[in-house]
Amino acid sequence: MVGGLQSGGVGERLVVGKVIGIFLGTYLAARFTKAELNPDLAWADVLGLSVLAGIGFTVALLIGELAFPGQAVGEHVKAAVLTASVTAAILAAVLLRRRNTLYKRLYEEENVDADADGIPDIYQRETKASAAEVG
């Protein structure tokens, strides 16, 4: 039972630790250095990618084998790491799919050409508004 408790902590820390480390590291770099988040990205995108990073399991397996060299505990650690990787993949898929839906909707709105003149209407509205201000 002790192995199960230890391996559960390994799995939780793999998913949560990667999110905290990558997201917080990115935030701190953007906040306290000259680095900036690309204007095409939102912090929700960074969150989704940091969750996706939780699928990396090779180093976690190595650390688990070194930290818990016993055969029984080692098998629990391997199972916990693989379960955590699958969990991270599912969470990332959900988050990134939601972001993709948003970006797809924005793309479609930007490319509406109701008058079929080959120029998306969003650019014509800005031009018409500018012409009205000038005239």
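Is Glu-109 buried, exposed or partly exposed? Glu-109 is partly exposed, with a relative accessible area of 45%, where buried means under 20% relative accessible area, exposed over 50%, and partly exposed in between (1.4 Å probe, protein chains only).

The structure is a predicted model, in which local features need pLDDT of at least 70 and side-chain atom pairs count only at pLDDT 80 or more, while totals for chains, interfaces and linings use all residues. Residues are numbered from 1 along each chain as its sequence is written, and side-chain values use heavy atoms, with hydrogens and water left out.

The mean pLDDT of the protein chain (the predictor's confidence in each residue, from 0 to 100) is 81, and 85% of the residues score at least 70. The secondary structure consists of five helices and zero strands, with helices (H or I, at least four residues) and strands (E, at least two) taken as DSSP runs numbered from the N terminus. Along the sequence the pattern is α-α-α-α-α. Helix α2 has the highest mean pLDDT of these elements, 92, and helix α5 (residues 121-134) the lowest, 62. Over residues 1-5 pLDDT stays under 50, and the model has three contacts beyond four places in sequence for this segment; a contact means heavy atoms within 4.5 Å. Of the contacts in the protein chain with a separation of 6 or more, 69% are between residues 24 or more positions apart.

Buried residues account for 20% of the 135 residues. The exposed area of the chain is about 9500 Å², of which carbon and sulfur atoms supply 65%; accessible areas come from the Shrake-Rupley method with a 1.4 Å probe, and for residues only the protein chains shown count as cover.

The largest nonpolar core has seven residues: Leu-14, Val-15, Ala-60, Val-77, Val-81, Ala-84 and Ala-88. Such a core is a set of buried Ala, Val, Leu, Ile, Met, Phe, Trp, Tyr and Cys residues joined through side-chain atoms within 4.5 Å. Helices α1 and α4 are the elements that give two or more residues to this core, and α4 supplies the largest share, four residues. Outside its neighbours within four places in sequence, Ala-88 is in contact with Val-15, Val-51, Gly-54 and Ile-55.

A nonpolar surface patch is formed by Val-16, Ile-20, Leu-24, Tyr-27, Leu-28, Phe-32 and Trp-43, with about 670 Å² of accessible area together. Patches are made of residues with over 30% relative accessible area and no salt bridge, like charges being joined within 9 Å and nonpolar side chains (Val, Leu, Ile, Met, Phe, Trp, Tyr) within 5 Å. Helix α1 (residues 2-32) gives the most to the patch, six residues. Val-16 lies in helix α1 and is partly exposed, at 46% relative accessible area.

Three salt bridges are counted, each defined as a side-chain nitrogen of Lys or Arg within 4 Å of a carboxyl oxygen of Asp or Glu. Asp-45 and Arg-99 form one of them (2.9 Å, N to O). This pair links distant parts of the chain, with Asp-45 in helix α2 (residues 43-52) and Arg-99 in helix α4 (residues 71-110), 54 residues apart. Both Asp-45 and Arg-99 are buried.

Another salt bridge joins Lys-78 and Glu-75 (3.8 Å, N to O). Lys-78 and Glu-75 are three residues apart in helix α4, so about one helical turn separates them. Lys-78 is partly exposed at 32% relative accessibility, as is Glu-75 at 42%. Arg-105 and Glu-109 also meet in a salt bridge (3.6 Å, N to O). Because they are four residues apart in helix α4, Arg-105 and Glu-109 are separated by about one helical turn. Arg-105 is partly exposed, with a relative accessible area of 45%.
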